[in-house]
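Thanks for coming. I will put the structure up, and then go through it part by part.

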Amino acid sequence: MSRKKTPKSKGASVPAASALAAANGPRLACPRTAHPGPDAPPNGPPQANRPSLGGGSDLYDVAFKVMLVGDSGVGKTCLLVRFKDGAFLAGTFISTVGIDFRNKVLDVDGVKVKLQIWDTAGQERFRSVTHAYYRDAHALLLLYDVTSKSSFDNIQAWLTEIQEYAQHNAVLMLLGNKVDSAHEHVVKREDGEKLAKEYGLPFMETSAKTGLNVDLAFTAIAKELKQRSMKVPSEPRFRLHDYVKREGQGNSCCRP
Ligand SMILES: Nc1nc2c(ncn2[C@@H]2O[C@H](COP(=O)(O)OP(=O)(O)OP(=O)(O)O)[C@@H](O)[C@H]2O)c(=O)[nH]1
Ligand SMILES: [Mg+2]
């Protein structure tokens with residue numbers, strides 16, 4: 001499979017999102033990414049084996065679109081910033097407006113996998129904007145905040161939404177974020193595990209603040225998508241659930 005060129009992996013927004021972001025002014029609590037630019041893909045996200053247009057220096061073999069969804073304030077933007085830049089900027093929470101994306105290329109068993117990660121606004125008023133993007137998502141990370149019972153209670157509604165708008169074969173993972181907040185940890189890990197089991201989802205607790213399990217979540221998604229798109233007969237089948245259970249720090253299976 002040939003190597004392709006991608007646009008530079010700076011943040012950018014599609015026109016609709018750019019307009020929304022511009023209309024609402026600066027909004028970064030975490031170092032967010034609403035910088036509409038010339039390298040925004042003209043026709044939405046890339047498909048596997050179909051690289052984006054435009055020049056740039058990052059090479060990749062396959063590209064996928066990953067969407068971050070969940071209530072406002074659960075930490076979607078911070079999770080993305082942690083993954084992309086390895087940073088966490090605490091501060092005033094400023095909600096995402098519309099939708100942004102950032103690219104990151106991972107090396108998965110010698111294959112360059114480009115993830116184009118779409119960070120959606122959790123606020124209800126942007127729902128109609130974000131609905132339009134579900135259809136193209138190859139994977140979705142559904143987040144709740146372990147310090148917010150309501151964000152956990154809303155997971156079922158998010159799953160209904162995903163069922164309605166996303167492709168039926170999209171990879172889906174449930175993440176309980178902010179696990180660093182030990183004192184305010186109101187949603188037990190067991191509750192997250194139970195819900196995930198009920199819906200057959202891989203599950204992990206994460207922290208955008210400390211970085212716990214953040215790389216792992218995206219790597220697991222990249223491995224699963226790569227395996228699905230490049231079936232190498234000699235390669236052992238990648239099992240997403242097992243991988244996440246085995247590798248996730250703080251998971252019940254791995255605790256001393
Ligand atoms: N303690 C802790 N705080 C976090 C973590 N992740 C995010 N936060 C804080 O939670 C708040 C909301 O984070 P965001 O990433 O902006 O939330 P969001 O899900 O993108 O929210 P919307 O853009 O409105 O949908 C911010 O004040 C962050 O600093 C985490 O892992 N631990
Ligand atoms: Mg956000």
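I'll start with one residue in the interior. Leu68 touches Lys76, Leu79, Leu80, Ile117, Trp118, Asp119, Thr120, Leu141, Leu143 and Phe218, leaving aside residues up to four places away in sequence. Leu68 belongs to strand 3, residues 62-70. Its relative accessible area is 0%, so Leu68 is buried. For a sense of distance, Ala132 is 64 residues from Leu68 in sequence, and their C-alpha atoms are 14 Å apart.

Before going on, please keep in mind that this is a predicted model. The protein has 8 helices and 8 strands. Of its 256 residues, 52% are buried. How far apart in sequence are the residues that touch? Taking contacts between residues at least 6 apart in sequence, 74% join residues at least 24 apart.

One of the contacts of Leu68 is Leu141, so let me take that residue next. Leu141 is in strand 6, which covers residues 139-145. Leu141 has 0% relative accessibility and therefore counts as buried. Setting aside residues up to four places away in sequence, Leu141 touches Val66, Met67, Leu68, Val69, Leu79, Met173, Leu175, Phe218 and Ile221. Met230 is a contrast in distance: 89 residues separate Met230 and Leu141 along the chain, and their C-alpha atoms are 22 Å apart.

Just after strand 6 comes Val146, in the loop between strand 6 and helix 4, residues 149-153. Is Val146 buried or exposed? Val146 is buried, because its relative accessibility is 0% and the cut-off for buried is under 20%. The contacts of Val146, again without residues up to four places away in sequence, are Gly176, Asn177, Lys178, Val179, Glu184, His185, Val186, Val187 and Glu205. Val146 and Val74 are 72 residues apart in sequence, with 8.4 Å between their C-alpha atoms.

Now the metal. Which residues supply the protein donors of the magnesium ion, ligand 2? They are Thr77 and Thr96, each through OG1, at 2.0 to 2.1 Å from the ion. Thr77 is in helix 2, residues 76-85, and Thr96 is in the loop between helix 2 and strand 4, residues 99-108, so the pair ties together parts 19 residues apart in sequence. Thr77 counts as buried at 7% relative accessibility, and Thr96 counts as buried at 6%.

On to the helices. Helix 3 runs over residues 127-134, and 6 of its 8 residues are buried, so helix 3 is largely enclosed by the rest of the structure. The buried residues in helix 3 are Arg127, Val129, Thr130, His131, Tyr133 and Tyr134.

There are two helix pairs to describe. Two packed helices are described by the angle between their axes and the distance between the axes. For helix 5, residues 155-165, and helix 6, residues 189-199, the axes come within 12 Å and cross at roughly 25°. That angle makes helix 5 roughly parallel to helix 6. The crossing of helix 5 with helix 6 is right-handed. Ile155, Gln156 and Leu159 in helix 5 meet Leu195, Glu198 and Tyr199 in helix 6. By type, the residues of this contact are 4 nonpolar, 1 polar and 1 charged.

The second pair is helix 7, residues 214-229, and helix 8, residues 240-247, with axes that come within 10 Å and cross at roughly 155°. Helix 7 is therefore roughly antiparallel to helix 8. The crossing of helix 7 and helix 8 is right-handed. From helix 7, Leu216, Thr219, Ala220, Ile221, Lys223 and Glu224 meet Leu240, Tyr243, Val244 and Glu247 of helix 8. The residues in this contact divide into 6 nonpolar, 1 polar and 3 charged. Ile221 has come up before, as one of the contacts of Leu141.

Last, a point about the backbone. Most residues other than glycine have a negative phi. What is the phi of Asp109? Asp109, which is not a glycine, has a positive phi of about 50°. Asp109 is in the loop between strand 4 and strand 5, residues 111-120, and counts as exposed at 54% relative accessibility. Asn213 also has a positive phi, near 65°. Asn213 is in the loop between strand 8, residues 203-205, and helix 7. Unlike the exposed Asp109, Asn213 is buried, with a relative accessible area of 6%.

That is the tour; I'll take questions now.

Definitions and conventions. Residues are numbered from 1 along each chain as its sequence is written. Chains are lettered from A and ligands numbered from 1 in the order in which they are written. This is a predicted model: local features need pLDDT of at least 70, side-chain atom pairs count only at pLDDT 80 or more; totals for chains, interfaces and linings use all residues. Side-chain values use heavy atoms; hydrogens and water are left out. Donors are N, O and S atoms within 2.8 Å of the metal (3.2 Å for Na, K and Ca); water is not among the atoms, so sites may look incomplete. Helices (H or I, at least four residues) and strands (E, at least two) are DSSP runs, numbered from the N terminus. Buried means under 20% relative accessible area, exposed over 50%, partly exposed in between (1.4 Å probe, protein chains only). Axes are lines fitted to C-alpha atoms, for helices over the stretch in contact, and angles run from 0 to 180 degrees between N-to-C directions. Angles under 35 degrees count as roughly parallel, over 145 as roughly antiparallel, 65 to 115 as roughly perpendicular and the rest as oblique. A crossing is left-handed if the near helix is turned anticlockwise from the far one by less than a right angle, and right-handed if clockwise. Contact means heavy atoms within 4.5 Å. Ala, Val, Leu, Ile, Met, Phe, Trp, Tyr, Cys and Pro count as nonpolar, Asp, Glu, Lys and Arg as charged, and the others, Gly among them, as polar.
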